[in-house]
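Colleague: Thanks for sitting down with me over this one. Could you take me through a few spots, one at a time?

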Amino acid sequence: MAQITYVEAIRSALEQEMRRDDRVLVMGEDVGPKGGVFGATAGLFQQFGEDRVIDTPLAEAAIVGVSIGCALAGLLPVAEIQFLDFIPPAMDQIINEAAKIRYRSNGDWGCPMVIRAPCGGGVHVHGALYHSQSLEALFAHVPGLKVVIPSTPTDAKGLLLSAIRDPDPVCFFEHKALYRSLKEEVPEEEYLVPIGQSRVARAGADLSCITYGATVHEAVAAADRLARDGIEVEVLDLRTVRPLDRESIVATARKTGKVLVCHEANLAVGVGAEVAAIVAEECFQQLDGPVMRLGGPEVPAIPFAESLAEVYCLGPDKIEAKLRQLAAY
Amino acid sequence: MPTNPKTNRTGSRPTSRRAVARQLPHGLTAQQCREMYHKMVQIRHFEDHAAEAYAQAKVGGFLHLYIGEEAVAVGAIAAAREDDHILGHYRDHGYALARGCDVQACMAELFGRETGICHGRGGSMHLADAKRHFWGGHAIVGSHIPIGAGMAYAMQYLEEPLVVLDFFGDGATGNGIFHEGLNMAALWNLPVVFICENNLYGMGATLAEESPVSDMMIKAEGYTMPAVQCDGMDVLSVYGAVQQAAEHCRSGKGPFFVEALTYRFRGHSMADPELYRDKEEVRRWRELDPIPRFGDFLVQHRISSQQELAQVNEEAEAEMLEAVRFADASPWPDPSTAARGVYANPIDPEAAQEALTLAADPAPAAS
Ligand SMILES: Cc1ncc(C[n+]2csc(CCOP(=O)(O)OP(=O)(O)O)c2C)c(N)n1
Ligand SMILES: [Mg+2]
């Protein structure tokens with residue numbers, strides 16, 4: 001098994017799936033000869049040609065719209081939106097068209113497509129207000145969509161293969177900070193990580209920290225610090241934020257009785273609120289403390305200056321402090 | 001343009017139906033002409049009954065009638081292959097019936113019944129029938145324009161000889177998605193016929209209020225897309241334009257833009273007091289009613305007799321009365337199926353069911 005990065009895992013999933021099934025197409029801005037701004041489609045154009053690796057004009061709504069049309073007509077498009085921040089012009093196509101196609105036809109026809117987009121920022125790795133957002137909650141709100149946010153190279157590959165084979169539209173958001181920051185042994189052969197199934201990133205019996213995406217790594221770092229004091233934190237990596245893995249959320253909450261939910265996205269009306277509600281509804285009797293949340297402040301996106309970005313972003317310190325607060329109950 | 005049999009070059013009057021049929025424009029046969037007339041009449045009667053049912057509150061929501069514009073859907077769809085793909089906007093009854101969708105299922109959909117063509121999920125604006133390659137009325141103005149381009153991309157990629165007909169109004173051309181869709185279709189040489197129904201209004205906005213140009217085909221020019229204007233009140237004119245457009249697309253020459261000049265005789269929807277146009281204008285356009293106009297053509301060309309046309313109308317009336325009876329007697333969708341069809345594989349059927357049960361529970365009595 002080779003050690004590969006997160007972005008290489010994505011590239012490898014696309015390549016494998018395109019080789020396996022010639023209905024799979026990739027389209028987006030500069031995904032062709034350039035290989036995408038982050039290199040997620042590097043080499044695909046050379047291998048599969050311009051009919052399957054399609055450089056599009058700068059037109060997010062139509063990138064998604066054309067992909068929907070391809071899906072209706074029997075193809076399996078993977079649309080790349082260059083940054084998640086550029087997706088709002090395509091919201092109509094995603095929410096009003098892709099998400100509703102199966103339901104409006106009473107299950108007669110579907111829309112098997114993937115929309116990939118890099119998301120997120122960080123103190124050193126972001127491009128400020130319009131190149132750093134985590135907008136997953138906007139999509140997680142919509143029945144008919146699935147929303148996947150992998151945190152490791154292994155998951156990135158296995159989940160992307162599942163997403164491409166899924167009969168329904170899948171939003172696949174990739175944290176930019178992860179693209180090249182971690183390497184992992186990833187099986188070369190194909191394997192599927194099921195959508196809607198979380199993963200225990202770190203086992204523990206005292207507290208639960210439920211999170212996803214790049215924050216998983218920050219939560220594990222924070223958990224390691226608590227472990228030095230004998231407090232064992234279980235970190236649950238949701239991997240998919242729609243549909244949520246209710247069963248595992250409930251299981252970890254019942255096991256530890258103390259739950260912190262954290263994510264980089266804005267806290268209010270976010271995914272964490274939904275997870276907290278599930279815990280409150282299903283685990284009331286087993287809770288030994290309030291369900292706590294940690295997320296982005298009431299600021300529309302990550303501001304540029306490092307001193308301000310630090311206020312926005314989480315990081316192990318903030319998660320550790322919150323976990324200690326929770327442990328005190 | 002059709003030749004008048006009375007003044008054709010030989011000066012002889014046609015003696016048989018076959019002799020006349022040879023002179024029909026665009027290679028049409030007499031049978032195809034009768035079929036187009038039949039379709040227009042069906043749509044007209046369907047909508048008259050839909051309007052009546054709406055007035056009786058049997059049809060709810062919004063209802064947008066196509067009355068006056070029937071020649072556009074019928075001429076265009078007749079000029080396409082049976083399996084060419086069709087998408088359109090929310091004023092969609094005409095597309096569905098012109099494509100041959102089941103009349104009773106369409107009516108039942110307006111009534112919101114389980115027997116409806118989308119099992120009551122969509123209603124009037126969202127008729128669709130995948131097996132007939134009719135991919136729906138779309139209620140978000142312009143949203144289906146790139147989707148049509150995408151289907152055309154797939155046809156090209158799969159080397160299927162099918163083209164896409166994508167219908168929308170003049171109002172849609174002000175929307176960004178219209179331009180994104182045309183740009184991509186032209187750039188990639190896609191086999192899609194964009195059919196703009198220019199009926200002079202987008203809801204209450206006049207053309208002058210919504211567009212800097214009054215000829216929509218000018219907007220295709222910037223994308224180097226060939227375009228023609230046709231008389232949307234004349235089914236033959238529409239047929240000819242779309243026949244030319246579809247041939248162009250099918251031969252690999254890329255997209256084509258057809259602008260049909262037409263007019264809706266009724267308000268934008270059933271709740272439109274029509275303060276933005278005067279009655280005289282409506283009266284003038286009503287004189288161009290595409291149905292009697294084409295009826296006259298059929299009679300002049302001895303394709304049908306007046307009696308035969310009257311019979312077509314009577315039969316359509318009876319068919320629609322029956323469709324209304326069918327719709328009215330059809331069951332409502334079972335509430336327990338409300339969460340069906342959101343995903344191919346239900347995500348958590350139990351939770352979905354539970355949420356529905358809770359929603360349906362009466363409020364607990366105060367204790
Ligand atoms: C995106 C969007 N904006 C606004 C509306 C409300 N609306 C419905 S129809 C319409 C006018 C459309 O006019 P046109 O495209 O000319 O079609 P017509 O009704 O004349 O057939 C408007 C504004 C809508 N359905 N979708
Ligand atoms: Mg209009």
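Colleague: Is B:D170 buried or exposed?
Modeller: Keep in mind that this is a predicted model. The cut-off for calling a residue buried is under 20% relative accessible area. B:D170 has 2% relative accessibility, so this residue counts as buried.

Colleague: And B:N199, buried or exposed?
Modeller: The reasoning runs along similar lines. The relative accessibility of B:N199 is 5%. With the limit set at under 20%, B:N199 is therefore classed as buried.

Colleague: Which residues coordinate the magnesium ion (ligand 2)?
Modeller: The donor atoms sit at 2.0 to 2.2 Å from the ion. In sequence, the donor residues follow the spacing D-x28-N-x1-Y. The aspartate gives OD, the asparagine OD1 and the tyrosine O, and the residues are B:D170, B:N199 and B:Y201.

Colleague: How many residues apart in sequence are the parts that B:D170 and B:N199 tie together?
Modeller: Both are donors to the magnesium ion (ligand 2). B:D170 is in the loop between β3 (164-169) and α7 (176-187) of chain B, while B:N199 is in the loop between β4 (192-198) and β5 (201-202) of chain B, so the pair links parts whose separation in sequence is 29 residues.

Colleague: Now to ligand 1. How much of its accessible area does the protein cover?
Modeller: Ligand 1 is surrounded by 15 residues, and B:Y90, B:R91, B:G171, B:N199 and B:Y201 are the closest. One of its oxygen atoms is 2.8 Å from an N or O atom in the side chain of B:N199, and an oxygen atom of the ligand also lies 2.8 Å from a backbone N or O atom of B:Y201. Of the 580 Å² that ligand 1 has accessible on its own, the protein covers 73%.

Colleague: Which residue offers a polar backbone atom to a nitrogen atom of ligand 1?
Modeller: Here the contact is with the backbone. The two atoms are 2.8 Å apart, and the residue is B:A139.

Colleague: Over in chain A, why is strand β13 (residues 259-266) largely enclosed by the rest of the structure?
Modeller: Strand β10 (residues 207-211) runs parallel to β13(A) and is joined to it by three bridges, with A:S208 opposite A:V259. Strand β14 (residues 292-296) is also parallel to β13(A), through four bridges. The strand is largely enclosed because, of its eight residues, the number buried is seven.

Colleague: Which hand does the β-α-β unit of β13(A), helix α10 (residues 271-282) and β14(A) have?
Modeller: The two strands of this unit are bridge partners, with A:L260 paired to A:M292 in β14(A). Together with helix α10 of chain A, they make a β-α-β unit that is right-handed.

Definitions and conventions:
Residues numbered from 1 in each chain as written. Chains lettered and ligands numbered in written order. Predicted model: local features only at pLDDT ≥ 70, side-chain atom pairs only at ≥ 80, totals over all residues. Heavy atoms only, no water. Buried < 20%, exposed > 50% of the residue type's maximum accessible area, 1.4 Å probe, protein only. Pairing = 2+ DSSP bridges. Right-handed = clockwise from strand over helix to strand, strands pointing away. Donors = N, O, S within 2.8 Å, 3.2 Å for Na, K, Ca; no water. Near = heavy atom within 4 Å. Polar contact = N/O pair within 3.5 Å; in protein donor to acceptor, adjacent residues only side chain to side chain. Areas by Shrake-Rupley, 256 points an atom, 1.4 Å probe, with all protein chains shown as cover.
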